[in-house]
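Work through the following exercises with the sequence and the model at hand. Each task is followed by a solution in steps.

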Amino acid sequence: MQVLLEGFLLLNACMNAALLCITLRWCGRPVQAGRIALAAALGAVYAAGAYLPGMAFLRGIPAGALASAGMLYVAARWHSLRHFLNALLRLLSATFLLGGAVYAISQALGGIALTWRLGASAVVALVVALWGGTRRTHDARVKVRIDLGEHSALLEGLIDTGNLLRDPFNGLPVLIAPYAAVQALLPKSCDPQRLETLPPGFRLVNVTSTGGNRTLMCFRPGALSVQHGDKWRPVYAMVAIAPQMLPEGAVALVPTALMTV
């Protein structure tokens with residue numbers, strides 16, 4: 001049986017991209033097209049290399065797990081080994097489930113060529129990825145705890161699907177909180193309406209909203225936790241300070257990137 005290299009690489013890259021999208025959405029992580037494309041392409045090259053003479057060891061489970069870890073590392077920014085390992089476990093689970101589904105399809109069809117198996121894999125994975133993208137968080141309200149130095153603040157947050165803001169330096173999502181809610185965390189000299197009072201270690205971030213462009217003070221908290229349901233879990237994000245209160249009675253606008261879908 002002959003398989004064109006171009007077709008093999010393309011279909012394998014599509015399957016890798018779909019699996020990475022599923023995994024990142026499952027973990028509540030943002031999907032960045034450039035990173036996904038690069039990771040998927042690297043995975044496809046690895047898969048093709050596994051069929052070269054003398055490279056059969058690359059088709060083993062240990063090598064495959066390491067390749068999956070490499071793709072996942074490239075596909076997103078990771079700020080915690082625990083979160084990365086959790087996502088890797090989900091990626092491997094999704095891969096095995098998809099492989100089982102494709103095997104069942106091929107058996108039902110009485111056996112199909114490798115190219116078509118890969119094609120079926122890509123189609124099934126893309127359908128699942130698109131389905132996953134239509135899911136929404138049922139409860140839009142969460143509790144947020146922000147720690148900075150010896151002080152902490154407990155806020156009620158609103159999950160904001162329109163908050164796609166990211167820190168340009170470290171790529172972290174940005175949670176927006178009104179000054180009144182986080183005032184206890186800040187130096188007394190800090191006034192968010194006077195940017196010249198920016199405290200040491202803070203920086204400025206540009207925000208675009210229906211009201212126009214604004215420049216807000218921004219800081220990285222010592223710890224940030226979100227309660228969704230009955231469980232608190234740590235998240236990694238910057239906190240931007242809005243001088244006025246936020247709409248819809250929210251005390252913080254929480255980006256969906258911080259929430260597990």
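**Exercise 1. The chain as a whole**

Task: State how many helices and strands the chain has, and what share of its residues is buried.

Solution. The secondary structure of this predicted model consists of 6 helices and 9 strands. The chain has 261 residues, and 42% of them are buried. Its accessible surface is about 14500 Å², with 62% belonging to carbon and sulfur atoms. For the contacts, take those with a separation of 6 or more: 65% of them are between residues 24 or more positions apart.

**Exercise 2. Helix 1 against helix 2**

Task: Classify the packing of helix 1 and helix 2 as parallel, antiparallel, perpendicular or oblique.

Solution. Begin with the geometry: the axes of helix 1 and helix 2 are 8 Å apart, at an angle of about 130°. Angles of 65 to 115 degrees count as roughly perpendicular and those over 145 as roughly antiparallel. Helix 1 and helix 2 are therefore oblique to each other. The crossing of helix 1 and helix 2 is right-handed. On the side of helix 1, the contact is made by L5, F8, L9, N12, A13, N16, A17, L20, C21 and L24. Helix 2 contributes I36, A39, A40, G43, A44, V45, A47 and A48.

**Exercise 3. Helix 3 and its two partners**

Task: Determine how helix 3 is oriented to helix 2 and to helix 1.

Solution. Take helix 2 (residues 33-49) to begin with. Its axis comes within 8 Å of that of helix 3, and the two cross at roughly 160°. Angles over 145 degrees count as roughly antiparallel, so helix 2 is roughly antiparallel to helix 3. This crossing is right-handed. The residues that meet are R35, I36, L38, A39, L42, G43 and Y46 in helix 2 and A63, G64, A67, M71, Y73, V74 and A75 in helix 3.

Now take helix 1 (residues 5-26), which packs against helix 3 at an angle of about 65°, the axes being 11 Å apart. That makes helix 1 roughly perpendicular to helix 3. Helix 1 also passes helix 3 in a right-handed crossing. Here N16, L20, T23 and L24 of helix 1 meet M71, L72 and A75 of helix 3.

**Exercise 4. An aromatic pair**

Task: Which kind of aromatic pair do Y73 and F84 form, and is each residue buried or exposed?

Solution. The structure holds 2 aromatic pairs. In one of them, the ring centres of Y73 and F84 are 6.3 Å apart and the ring planes are at 85°, so the pair is edge-to-face. The pair links distant parts of the chain, with Y73 in helix 3 (residues 61-75) and F84 in helix 4 (residues 81-108), 11 residues apart. Next, compare the accessibilities with the cut-offs: buried means under 20% and exposed over 50%. Y73 has a relative accessible area of 57% and is exposed, whereas F84, at 13%, counts as buried.

**Exercise 5. Two loop residues**

Task: Locate G149 and Q193, and find a residue distant in sequence for which a C-alpha separation from each is given by the model.

Solution. G149 is in the loop between strand 1 (141-148) and strand 2 (151-160). Its relative accessibility is 76%, so G149 counts as exposed. A223 lies 74 residues away along the chain, and its C-alpha atom is 9.2 Å from that of G149.

Q193 is in the loop between helix 6 (179-182) and strand 4 (203-209). Q193 is exposed as well, with a relative accessible area of 58%. P243 is 50 residues from Q193 along the chain, with 6.1 Å between the C-alpha atoms. Apart from residues up to four places away in sequence, Q193 touches P243 and Q244.

**Exercise 6. Two strand residues**

Task: Assign Q227 and D160 to their exposure classes and list their contacts beyond four places in sequence.

Solution. Q227 is in strand 6 (residues 223-228). With a relative accessible area of 19%, Q227 is buried, since the class takes values under 20%. Its contacts are V142, K143 and W232.

D160 is in strand 2. At 22%, D160 is partly exposed. Its contacts are L253, V254, P255 and T256. Of these, P255 is 95 residues from D160 in sequence, and the C-alpha atoms of D160 and P255 are 5.4 Å apart.

Technical notes: Residues numbered from 1 in each chain as written. Predicted model: local features only at pLDDT ≥ 70, side-chain atom pairs only at ≥ 80, totals over all residues. Heavy atoms only, no water. Helix = DSSP H or I, 4+ residues; strand = E, 2+ residues; numbered from the N terminus. Buried < 20%, exposed > 50% of the residue type's maximum accessible area, 1.4 Å probe, protein only. Contact = heavy atoms within 4.5 Å. Areas by Shrake-Rupley, 256 points an atom, 1.4 Å probe, with all protein chains shown as cover. Phe/Tyr/Trp six-rings, centres within 6.5 Å; stacked < 30°, edge-to-face > 60°. Axes fitted to C-alpha atoms, helices over the stretch in contact; angles between N-to-C directions. Parallel < 35°, antiparallel > 145°, perpendicular 65-115°, else oblique. Left-handed = near helix turned anticlockwise from the far one by under 90°.
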